[in-house]
Amino acid sequence: MCKSFKSTRFYVAVLFLGVVLFAFGLINATVINESAHNTMRLMGIITGVGAGFAGVSIAKLIHRKITSPEKLKQEQIELKDERNIQILRIAYTISNVVAALLFAGLVILFSAIGSTKESYLCLGALSIQQIAFWIAYQYYKKKI
């Protein structure tokens, strides 16, 4: 994943997905009764995610269009550079530890204020994160 260089076709697909999500969220937000606050919030999130996907894809497509092929080739080479990959892996490791601490803190906080459902949701997310880490670790330990 660290060495992947996305193609133009990938960004067009993400742009399409973003436009579909944006339109879905916007259309449903106008149709839904305003008293359904949770559904309105969900449609706002879907609209925002769609706009984000579309915006990033448009920016990447414009970058690919205006950048020379030599510069794009150089960016691809830098992406596959072992030093940059090592830096990216360190950043992923730090963000994994921070996320685990955040989830653990939220479990404690929600338990302290008596929000059992939210506490279990955070505990489940923490468990899934740690299981995914363990599976990836076991897989790459055997592979290397």
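The legends below accompany views of a predicted model of one protein chain.

**View 1. Helical make-up of the predicted protein chain.** Five helices and zero strands constitute the secondary structure of the protein chain, and the pattern read along the sequence is α-α-α-α-α. The protein chain is more spread out than a compact globule, because its radius of gyration of 20 Å is well over the 15 Å that the globule rule gives for 144 residues. The C-alpha trace spans about 55 × 45 × 20 Å along the principal axes of the protein chain.

**View 2. Burial, contacts and surface of the protein chain.** Of the 144 residues in the protein chain, 16% are buried. Among contacts with a separation of 6 or more, 62% are accounted for by residues 24 or more positions apart. The accessible surface comes to about 11,000 Å², and carbon and sulfur atoms contribute 70% of that surface. The protein chain carries 16 positive and 7 negative side chains, with the centres of the two sets lying 8 Å apart.

**View 3. Surroundings of Ser-57 in helix α2.** Ser-57 lies in helix α2, which covers residues 37-66, and with a relative accessible area of 1% Ser-57 counts as buried, because the cut-off for burial is under 20%. The side chain of Ser-57 reaches the backbone oxygen of Phe-53 at a distance of 2.9 Å. When neighbours within four places in sequence are left aside, the residues in contact with Ser-57 are Tyr-11, Val-14 and Leu-15.

Conventions. Residues are numbered from 1 along each chain as its sequence is written. This is a predicted model: local features need pLDDT of at least 70, side-chain atom pairs count only at pLDDT 80 or more; totals for chains, interfaces and linings use all residues. Side-chain values use heavy atoms; hydrogens and water are left out. Helices (H or I, at least four residues) and strands (E, at least two) are DSSP runs, numbered from the N terminus. The radius of gyration is taken over C-alpha atoms; the globule rule is 2.2 Å times the number of residues to the power 0.38. Buried means under 20% relative accessible area, exposed over 50%, partly exposed in between (1.4 Å probe, protein chains only). Contact means heavy atoms within 4.5 Å. Accessible areas come from the Shrake-Rupley method with a 1.4 Å probe; for residues, only the protein chains shown count as cover. Lys and Arg count as positive and Asp and Glu as negative; His and the chain ends are not counted. The place of a charge is taken as NZ of Lys, CZ of Arg, CG of Asp or CD of Glu. A polar contact is a pair of N or O atoms within 3.5 Å; within protein, one must be able to donate a hydrogen and the other to accept it, and residues adjacent in sequence count only if both atoms are side-chain atoms.
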